[in-house]
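Here are my notes for your first look at this one. Keep the structure open beside you and check each point as you go.

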Amino acid sequence: MIRTALVAALLLPACGPQTADPAAPEESGPALQTSPQMSSTSPCTAQLYYADTDNDGFGDGSTEWLTCEPTTGWILQSGDCDDSDDSVHPGAVDSPCDNVDADCSGSAAQGVAAIGVTTYPSAQAAIVSAGPSDIVEVCPGVHEVAATLHDLGGLTIRSSSGNPDDTVFRQPEVHEGEEILLVSGDLTVEGIGFDGSVSDAGLVIEAGVAEQAVTLRNCVFDDFYDNVITARGDTHLVVEDSRFLEGSRNAISADGLTDRSSVSITGSVFTDNGSGFVHGLIHSTGACPSFTISDSEITGTWYALNPLLYIGRADDLPFEVLIEDTIIEDNRASDTNYATGLLHLEGWGHAPDSDGPQPSSLTVRGGRISGNEVDFGAAIYVESGSDHISVTLDEVDFGTGAGANTGDDLHYLGTNYPLDGTVSLSCDSAGGCL
Ligand SMILES: [Ca+2]
Ligand SMILES: [Ca+2]
Ligand SMILES: [Ca+2]
C-alpha cells in the first residue's frame with residue numbers, strides 16, 4: 001500500500017534538479033524510498049533500484065528504491081539471493097558439493113559430481129558422461145572409479161576442494177579390469193588423490209594418433225604396488241606439484257612411449273617407495289626421447305633391481321634427460337647383484353648399418369644427490385657400452401663427509417668417479433670426465 005502511494009506520487013508531471021546525493025544503501029534499507037530530487041520540478045523517469053551491497057552486479061530484491069538517478073550501491077538488476085556474498089548471484093557456478101544455492105536458482109545443486117549445471121550421483125557417472133572440453137567437478141570423498149575414455153579432446157577432471165587428500169579415486173573391489181582410468185586424448189586431472197590399496201590399479205594413458213598431453217597437477221598417488229602410471233603411444237606426460245607415496249614398483253612406466261612423446265615432472269615428491277625386487281620410479285625401455293625432472297624431491301626410497309630413473313635403449317634413437325634443482329637424498333640402491341645406481345642410463349649402441357651413434361645426454365643442473373646408499377655401481381651409472389651418452393653436471397651437490405653418498409657417485413663408461421661437494425664437470429667418450 002505504501003509502495004502504491006509513493007509510485008503514484010512519482011508519476012506527477014515534474015521532477016526537480018538534484019539537490020543532494022541520496023544516502024548510500026544500508027544493509028537493511030527501506031523497502032521503498034523516493035530520492036530527494038523527486039520533490040523538485042524538472043521532469044524525469046523514475047526507476048526501481050535495488051541495493052547491491054556485495055557489488056556482484058545483482059541487487060537484493062527486498063530492497064527497492066524508486067529514483068531518477070543512478071546512485072552508488074544501487075542497481076537496476078535484482079535477483080541476488082545473498083547480497084552479503086559476491087560468489088552468490090544468478091549465473092554463478094553452483095558447486096554440487098556445498099549445499100549452497102550459488103546461482104540463486106531456488107535450490108542448491110546437489111550431487112557427487114557435476115559437469116556445468118548438470119549434477120551426477122557419482123564421479124564415475126560424470127566421467128563416463130563427459131564430452132570433449134568438459135570440466136568434471138568432483139566433490140570430496142572416496143570415489144570408486146574404473147573408466148575407459150577415448151578421444152577426450154581436452155577433458156578436465158578436478159576436485160571441487162582442490163585438495164587431493166580429501167577427494168580420492170580408487171578402483172572398486174568388484175572391478176575386474178586393471179586401471180582406475182584408461183584414457184587417450186588430452187586430459188587434465190587436478191587435485192585428485194589416487195589410492196592403490198584396494199586393487200592396486202593405476203592410470204593407463206594411451207595417446208591417439210595425434211600427439212596428446214596428459215597433465216596431472218596437484219595429485220597424490222598412494223600405496224600402489226605396481227605401475228602407478230603406464231604411458232603409451234605419443235603422449236606428452238606432464239606431472240606437476242604431485243606426490244608419489246609408498247609405492248612398490250614403477251611410479252611411471254614409460255616403456256610404451258614413442259619417439260614423439262615426452263615425460264616432464266616438476267614440483268613433485270617421490271618418497272618412501274620401493275621394497276624388494278622392484279623397478280624404479282621412472283622406467284623406460286622404449287623410444288621416449290625426452291625426460292625432465294625439475295624442482296622435485298626423491299627421498300626415502302629403496303630399489304634393489306632397477307634404480308630411480310632407468311633408461312635403457314636397444315636402438316640408436318637419441319634421448320635427453322634433464323634433472324634440474326632436484327634433491328635425490330637418503331635413498332638406497334644397494335643390492336650387490338642388481339642395483340647399479342640411482343640414475344641408470346644405457347643405450348646399447350646403434351644398428352650396425354646406421355650412420356653412427358646418435359648423441360644422448362644426461363644433464364644434472366643444481367640440486368643435490370647426497371646421502372644415498374649405493375654399494376654397487378654408482379649414484380649416476382652410465383653403462384660401459386653406451387659411448388654415445390654424454391653427461392654434464394652443473395653445480396651439483398654430492399655432499400661431503402657423513403652427508404656424502406655411500407659408494408661412488410659417478411660411473412661413466414667403465415670408470416668410477418668419487419665426487420665431493422659441489423661439482424661441475426662434463427663427460428664424453430672422447431675425453432672421459434673432466
Ligand atoms: Ca549483490
Ligand atoms: Ca551476492
Ligand atoms: Ca551448490
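How many bridges join strand 30 to strand 33, and do these strands run parallel or antiparallel?

1. To start with that question: strand 30 (residues 343-347) and strand 33 (residues 373-382) run parallel, with 3 bridges joining them. If you want a pair to look for on screen, try H344, whose bridge partner in strand 33 is Y381. Keep in mind that this is a predicted model.

2. Now zoom out. Strands 30 and 33 sit side by side in the order of an open sheet of 11 strands, which reads 9-12-15-18-21-24-27-30-33-35-36. The pairing in this sheet is mixed. Its edge strands are strand 9 (147-149) and strand 36 (415-417), each of which pairs on one side only. From one strand to the next, the twist averages 20°. As background, strands of a sheet pair through backbone hydrogen bonds, either parallel or antiparallel.

3. Strand 34 (residues 389-397) is a nice one for practice, since you can compare two kinds of pairing there. With strand 31 (residues 360-365) it pairs in the parallel sense, over 6 bridges. With strand 37 (residues 422-428), strand 34 runs antiparallel, and 5 bridges join the two. For landmarks, S361 has S390 of strand 34 as its bridge partner, while V391 has C427 of strand 37.

4. Next, some backbone angles. Most residues other than glycine have a negative phi. N55 is not a glycine, yet its phi is positive, at about 55°. You'll find N55 in the loop between strand 2 (47-51) and strand 3 (64-67). Is N55 buried or exposed? It counts as exposed because it has 10 C-beta neighbours inside 10 Å, and the cut-off for exposed is 12 or fewer.

5. D295 is another residue other than glycine with a positive phi, here near 50°. Its place is in the loop between strand 25 (290-294) and strand 26 (297-299). D295 has 16 C-beta neighbours inside 10 Å, so it counts as partly exposed.

6. Finally, how far should you trust what you see? The protein chain averages a pLDDT of 83, and 83% of the residues score at least 70. Over residues 1-32, though, the pLDDT is below 50, and the model gives this stretch 53 contacts beyond near neighbours in sequence. Residues 34-40 also have a pLDDT below 50, with 26 contacts beyond near neighbours in sequence.

Note on methods:
Residues are numbered from 1 along each chain as its sequence is written. Chains are lettered from A and ligands numbered from 1 in the order in which they are written. This is a predicted model: local features need pLDDT of at least 70, side-chain atom pairs count only at pLDDT 80 or more; totals for chains, interfaces and linings use all residues. Two strands pair if DSSP finds at least two bridges between them. Helices (H or I, at least four residues) and strands (E, at least two) are DSSP runs, numbered from the N terminus. Axes are lines fitted to C-alpha atoms, for helices over the stretch in contact, and angles run from 0 to 180 degrees between N-to-C directions. pLDDT is the predictor's confidence in each residue, from 0 to 100. Two residues are in contact if their C-beta atoms, placed from the backbone, lie within 7 Å. A residue is buried if 20 or more other C-beta atoms lie within 10 Å of its own, exposed if 12 or fewer, and partly exposed in between; C-beta atoms are placed from the backbone.
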